[in-house]
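Student: Could you take me on a close look at one part of this model? I would like to hear about the strands and the side chains that link them to their surroundings.

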Amino acid sequence: ELVHTETFGIMDKDFRVSLEKLKNAHLEALFTLGYPQVLMPIYQQMMEMQFVLPIVANSGLSVGDIAEKVSQQILANLVFPTVKYYYASGDSKVQKFHQLVKEKGGKPEFNVAYYYDTTKILLSAIQKASAKTPRQIGETISSIMPCEGVTGTLKLNQDRELVGDFKLMQWKEGKLVILGE
C-alpha cells in the first residue's frame, strides 16, 4: 500500500525536509525513482539522519559509482533491477564490447551499449527488409526479435516497445549480486 509520496526536482540538492516527513511516517520500505545523481545525495542524507530502511529503486542505480558514494548500511538495504550488461560483466560479449569501445577511445558504459545493441538491430532490419520503407523496416525489426545483445535479450512487447532482460540486484559484502544468490 502506498502511504506517502514526496517529489523533487532534478536540480534539488537538499532532501532533508522530505526525508524527515518520510521518516516520521514510519514506513516499512521506500521506493525511490530518479537519476543516480539525485538518488545518491538522497541516500547520503538518509545516512546522516540515521534513516535506514529497505529501499526499492529504479534501474538508474546501475549507472555510476553509487557503491563508492553511499554507505554500506544503505547499500545493504537497496534492491534495484538491472540488465545483463551489469550482472554479467564477465560475459564474452560484454568484454568484447568493452574492448571495442576502448579501442575507439570511448568509455564503455550502459548507454553506449544500449545504443550499440539497438543500432545493430536497426542495421540488420534495414539489410533484411524487402523494401526500405519505415513500415517495412519496422515489420522486419519485429520479425527478427528477440535479439541477444551486449545488454541482454532484447524483445518487443505487443505495443512494439523495447523490453530488456532485467534481474533484481543488491549489494552483499561490497559486491553487486543477483537477489537471492
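Tutor: Here is a walk through one sheet, the contacts that lead away from it, and a few other places worth a visit. Please keep in mind that this is a predicted model.

Let us start with the open sheet. Three strands build it, in the order S4-S5-S6, and their pairing is antiparallel. Its edges are strand S4 (147–149) and strand S6 (162–163), each of which pairs on one side only. Between S4 and strand S5 (residues 152–156) there are three bridges, again in the antiparallel sense. If you want a place to put your cursor, try Cys 147, which stands opposite Leu 154 in S5. Now look at what covers these strands: helix H7 (residues 110–128) lies across S4, S5 and S6, and runs at about 55° to S5.

Strand S4 also takes us to a charged contact. Lys 84 forms a salt bridge with Glu 148, and their closest N and O atoms are 3.0 Å apart. Lys 84 belongs to helix H5 (residues 84–87) and Glu 148 to strand S4, so this pair ties together parts that are 64 residues apart in sequence. How exposed is each partner? Glu 148 is partly exposed, with a relative accessible area of 41%. Lys 84, in contrast, has a relative accessible area of 14% and is buried, because the cut-off for that class is under 20%. Lys 84 has another acidic partner as well: its side chain meets that of Asp 91 in a salt bridge of 3.5 Å, N to O. Asp 91 counts as partly exposed, at 23% relative accessibility.

These two contacts belong to a total of four salt bridges in the structure. Elsewhere, salt bridges that share partners join Asp 14, Arg 16 and Glu 48 into one network. Within that network, Arg 16 pairs with Asp 14, the closest N and O atoms being 3.0 Å apart. Arg 16 is partly exposed at 34% relative accessibility, while Asp 14 is exposed, with a relative accessible area of 52%.

Next, follow the chain to strand S7 (residues 166–172), which has a partner at each of two stops. With strand S3 (residues 78–83), S7 pairs in the antiparallel sense over five bridges; there, Pro 81 has Leu 168 in S7 as its bridge partner. With strand S8 (residues 175–178), S7 pairs over four bridges, also antiparallel. A handy marker for this pairing is Met 169, which stands opposite Ile 178 in S8. The hairpin of S7 and S8 has two residues between the strands, and Glu 173 takes a positive phi near 50° in it. As you step along any of these strands, one rule helps: in a regular strand, side chains alternate between the two faces of the sheet.

Finally, a look at the surface. Ile 10, Met 11 and Tyr 35 form a nonpolar patch there, and together they have about 370 Å² of accessible area. Met 11 sits in the segment before helix H1 (16–24) and counts as exposed, at 65% relative accessibility.

To retrace the route, begin at Cys 147 opposite Leu 154, move to the salt bridge of Glu 148 with Lys 84, and then go on to the hairpin of S7 and S8.

Key. Residues numbered from 1 in each chain as written. Predicted model: local features only at pLDDT ≥ 70, side-chain atom pairs only at ≥ 80, totals over all residues. Heavy atoms only, no water. Pairing = 2+ DSSP bridges. Contact = heavy atoms within 4.5 Å. Axes fitted to C-alpha atoms, helices over the stretch in contact; angles between N-to-C directions. Buried < 20%, exposed > 50% of the residue type's maximum accessible area, 1.4 Å probe, protein only. Patch = residues over 30% accessible without salt bridge, like charges linked within 9 Å, V, L, I, M, F, W, Y side chains within 5 Å. Areas by Shrake-Rupley, 256 points an atom, 1.4 Å probe, with all protein chains shown as cover.
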